[in-house]
Structure formats: structure tokens, C-alpha cells
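Here is a short report on the structure shown below. It covers strand pairing, a covered helix, the contact between chains and some backbone outliers.

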Amino acid sequence: MIGIIDYGLGNIKAISNIYDKLKIKNILVKSEIDFEKAERLILPGVGSFDSAMNLLDKKNYIQTIVSMVLEKEKKILGICVGMQTFAKKSDEGSMEGFNWIDGEVKKFEKNNNDRLPHMGWNSIKKNKENPLFKNIENDEYFYFCHSYYFKCKRNEDIITQTSFGSNFASSINNKNIYGIQFHPEKSHDSGSTILKNFAIL
Amino acid sequence: MLLPRIIPCLLLTKDGLVKTENFKNPNYIGDPINTVKIFNEKKADELIILDIHATTQNYEPNYKLIDKLARESKMPICYGGGIKNLDQAKKIFSFGIEKIGLSSIIFSNLKIISEISNYAGSQSTVVVLDIFKENNEYFIFINNGKTKIDENFDNFIVKLQDEGVGEIVVNSINKDGSMSGFDFDLINKIFYLTKIPITVLGGAKDYSDIENVVKKYGSIGIAAGSLFVYKGSRKAVLINYPIKTDKIKIFNNLIKDV
């Protein structure tokens with residue numbers, strides 16, 4: 001059972017719709033009981049770092065999520081700003097992140113050719129093999145929509161990189177914690193494959 | 001590498017999707033949900049969906065429908081039409097819509113741009129400008145092309161970026177539904193006035209038009225209405241979109257595989 005955390009941000013219904021079509025059981029997580037029921041968690045996100053942390057805080061989800069991930073060791077997949085909340089902090093705000101994967105969220109530096117935000121379909125390059133990217137080719141395209149990126153301290157936490165001006169971590173993993181900067185729910189078949197892979201990790 | 005975005009633009013009314021010519025004569029195209037399903041199958045890069053009557057007929061965005069569209073779509077959607085405040089935007093984001101398109105409201109409340117961008121990030125805050133060319137000058141219009149805005153085009157584009165908008169869509173009223181090719185002067189103007197992503201809309205007649213924009217401007221958004229909903233000179237309604245091999249040609253063989 002996949003639990004998609006419902007905290008008022010992100011494409012929860014689009015994600016749930018894809019799982020329904022894949023015939024994979026999923027629930028929208030809205031309460032303590034839902035958190036218990038879910039075997040794996042997805043933390044979606046469209047929005048800014050502080051909005052995400054504020055909304056999680058308002059719903060009193062933060063402690064529950066921490067206990068699910070660190071004590072019960074449930075697998076979690078953060079999407080876009082969801083992934084960014086796994087960092088210690090972000091240039092985009094003043095709230096503290098979960099601090100699960102060593103790094104900080106930084107704003108892309110502007111150079112002459114690249115227009116910010118980074119918006120559209122871009123390709124990934126594998127830094128290492130990871131079951132989350134099973135059946136995904138190197139150079140596969142995904143949909144990105146963001147101005148900040150996860151600056152990973154440890155190279156071994158980076159699954160894929162994407163080039164925008166320079167290379168940044170487009171997906172990360174440490175133990176049971178996974179993050180992807182792109183939107184799998186809006187990336188057609190390649191995105192569905194990622195969501196399917198997460199369900200069977 | 002970041003690819004150019006090829007974006008169908010769908011116009012919504014209470015009665016379903018329509019396509020206009022110079023913002024007039026709406027012609028019925030079909031059911032919005034069904035159309036989104038077809039673009040899913042065709043793997044469109046992104047969709048722009050604009051409710052063209054919400055502001056002029058003064059009704060709220062059709063939340064029920066937007067929710068269904070977001071749920072169905074396997075590609076990102078920019079929704080515009082009738083958004084006047086942050087609460088409405090929040091509601092639409094909560095359905096999983098990635099981007100909100102603002103238009104008329106910014107001329108009475110420019111601050112709404114920073115409000116939405118503080119909440120959702122600039123990447124989700126889009127301004128859609130309807131542009132009319134008159135005596136070789138460009139003017140911004142609102143209310144479906146009926147009301148002229150008293151702002152200098154160039155200055156206003158700069159102002160929008162200062163407010164924190166993440167993308168500007170320029171829609172040529174002169175070219176709308178004409179299928180007579182893009183207004184390259186307008187594209188050129190907006191391209192050099194901006195440091196953020198832009199999307200150009202109005203006039204595309206075939207894939208070679210899109211190819212010409214890509215050749216000159218690289219990774220920008222190229223949107224079209226008629227091209228993706230009509231087929232043939234008699235304009236029979238048929239939802240279509242470039243297939244993989246078309247795209248590789250459009251992108252000028254920059255990439256082997258899309």
C-alpha cells in the first residue's frame with residue numbers, strides 16, 4: 001500500500017490516478033491511521049520550500065513522518081519540493097528541512113543562456129544503478145519545473161544528474177529515502193515507470 | 001539538454017472547448033476531458049488551458065472541471081481564466097495544476113504575482129498577455145481583446161519580471177486562428193526583453209513553423225491552438241500532435257531520441 005501524503009500541495013490525485021491504472025493499491029494519507037496503514041510514502045510537492053514545511057507543520061505531520069521514516073524505516077519518495085525538504089535547509093526560505101540527505105537547496109546561478117526557472121523536458125544521466133530507475137534508459141526525458149536544486153554533499157547519494165547550465169542531482173537516495181526533482185506524474189510513460197518501481201523496491 | 005516545449009493551447013467555455021479566430025467566432029471543438037486523454041496518448045509536452053469567458057462573464061473558475069483535468073492529465077497544465085486572488089490560485093494548485101496563468105487581474109492588482117509566487121514559487125506563476133499589433137506597434141489587451149491597456153509593452157515586460165513572474169505567454173490577437181505563421185517580430189521582441197521562460201502563441205500553420213522558431217530561439221515554448229485541433233484546409237476537428245519522428249525533425253536533429 002502506497003500512501004500519498006495529502007498536505008495541500010502537489011499532484012496527489014494525478015499520482016493516485018497513475019497507481020490506480022497500474023492496479024497498485026494506494027491511499028491519500030490524511031491522518032495518523034493512514035500513516036500506519038501505508039507501507040511506503042510519497043511526499044509530493046508543487047510550491048516553495050517554506051510553504052511545504054509550513055503546511056506539513058500545520059497539519060502536525062512532521063513528527064509522524066520522521067517516525068515513519070527513521071524508526072519504522074518505511075521507504076519514502078519525495079517529489080520536486082518534496083525531495084528538497086529532505087535537505088537541511090533551502091535558499092528559498094528560512095524553515096528547517098528534514099536533514100535526511102546531506103546537502104542544501106540552492107538557487108540556480110543565472111548565466112546568459114539559461115532562462116530561470118528550469119522548465120520543461122530534460123534528460124537524466126545515471127550516476128549509478130538504482131532500482132528506482134529500473135527499465136529507464138540513460139538520456140530518458142522527464143518534466144522539470146523548478147528554480148532551486150538539491151546540492152548533494154555526497155556523490156554516492158546521487159542516482160542521476162541533469163544538465164542545466166551545469167549538472168545537478170535530479171534524483172537522490174540514501175537508505176530508505178528517495179528523492180526526484182522532476183515530476184513523474186507529469187512525465188508520461190517514463191514517469192509511470194518510476195512510480196511503479198518505487199512500489200516494488 | 002532542455003528541450004523546446006510544444007504546447008497545445010485549449011480554450012474553455014461553459015459549453016466545452018472552442019477555437020477562435022482573432023478572438024472571435026468560437027467554433028466548438030469538443031469535450032475537454034476527452035481532449036486531454038487524447039493528448040495523453042499523443043504524449044504532449046504540456047497543455048495550456050484558458051477559460052476565455054470566466055473574466056468577461058464574471059464567473060469563478062470551473063473548479064470541478066479543473067480538478068478532473070488535473071487528475072486525468074499525464075502532462076503539466078497551465079490553467080488560466082477568472083483567477084482574481086490567492087485563495088482561488090491555492091485551490092487550483094491543490095488539484096495538482098502546476099501553473100496558474102494570470103491575465104486581466106494583473107492590471108488592477110500587480111501584487112497578485114508576488115503573492116502567488118511566494119506561495120507556489122515563480123515556476124508556477126505565469127502571465128498570459130494578449131497582444132495586438134497596430135501600425136507596427138504592440139499593445140496589450142484584456143477582456144478577450146476588447147480593452148486596450150495603457151502600458152508601454154517593453155516596460156511592462158520588464159516590470160513583470162521584477163514582480164517575480166516565472167513565465168510569460170504572448171498570444172497574438174492578429175494571428176489567433178489565422179494559421180498564417182508566427183509573428184516573428186513579436187517573438188524576437190519578447191525573446192530579447194526576457195530572462196525567464198517564454199511561450200509564443202498565435203498563427204502556427206504547420207510543424208515547419210515550429211521548427212523555424214526552434215532553429216532561431218532554441219528551448220522556448222511554442223504553443224498552438226488551430227494546428228493541434230484542426231486537420232486540412234476545411235478545418236475538420238481532429239486532435240493531433242507531432243509524433244516522435246516529427247519532433248526529432250522539429251528539434252533539428254539536435255537529439256537522437258525524444
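## Strands, contact and backbone

Strands β4 (residues 75-79) and β12 (residues 177-180) of chain A run parallel and are joined by four bridges. One pair can be named: Ile76(A) has Ile177(A) in β12(A) as its bridge partner. This is a predicted model. It scores ipTM 0.92 and pTM 0.94. Chain B has an average pLDDT of 95, and 98% of the residues score at least 70.

**The sheet in chain A.** β4 and β12 of chain A belong to an open sheet of eight strands. The order is β2-β1-β3-β4-β12-β11-β10-β7, with mixed pairing. At the edges stand β2 and β7 (125-126) of chain A, each of which pairs on one side only. In general, side chains of a regular strand alternate between the two faces of the sheet.

**A covered helix.** Is helix α1 (residues 12-21) of chain A mostly covered or mostly uncovered? Mostly covered: seven of its ten residues are buried. The buried residues are Ile12(A), Lys13(A), Ala14(A), Ile15(A), Ser16(A), Ile18(A) and Tyr19(A). A lysine, Lys13(A), is among them. The cover includes β1 (2-5), β2 (26-29), β3 (40-43) and α6 (188-200) of chain A. Chain B takes part too, through its α2. After α1(A) comes Lys23(A), with a positive phi near 60°.

**The contact between chains.** How many residues does each chain bring to the contact? Chain B brings 32 residues and chain A brings 31 residues. On the side of chain B that touches chain A, α2 (63-72), α3 (86-94) and α4 (112-120) of chain B each supply at least two residues. α4(B) gives the most, with three residues. By type, this side of chain B divides into 13 nonpolar, ten polar and nine charged residues. The helix α2 of chain B also helps to cover the buried residues of α1(A).

**A hairpin in chain B.** Strands β2 (residues 16-21) and β3 (residues 24-30) of chain B run antiparallel and share four bridges. Glu21(B) has Lys24(B) in β3(B) as its bridge partner. Two residues lie between the strands of this hairpin, and Asn22(B) has a positive phi near 50°.

**Backbone outliers.** Most residues other than glycine have a negative phi, and most peptide bonds are trans. The table collects the positive phi values.

| Residue | Phi | Place |
|---|---|---|
| Lys23(A) | near 60° | follows α1(A) |
| Asn22(B) | near 50° | hairpin of β2(B) and β3(B) |
| Lys43(B) | about 55° | loop between α1 (32-41) and β4 (47-51) of chain B |
| Asn144(B) | near 55° | loop between β8 (137-142) and β9 (147-148) of chain B |

How exposed are the two loop residues of chain B? Lys43(B) is partly exposed, because 18 other C-beta atoms lie within 10 Å. Asn144(B) is partly exposed as well, with 17 other C-beta atoms within 10 Å.

One peptide bond also stands out. From Leu116(A) to Pro117(A) the bond is cis, with omega near -5°. Pro117(A) lies in the loop between β5 (103-107) and β6 (118-123) of chain A.

Notes. Residues numbered from 1 in each chain as written. Chains lettered and ligands numbered in written order. Predicted model: local features only at pLDDT ≥ 70, side-chain atom pairs only at ≥ 80, totals over all residues. Buried ≥ 20, exposed ≤ 12 C-beta atoms within 10 Å, placed from the backbone. Contact = placed C-beta atoms within 7 Å. Nonpolar A, V, L, I, M, F, W, Y, C, P; charged D, E, K, R; others polar. Pairing = 2+ DSSP bridges. pLDDT = per-residue confidence, 0-100.
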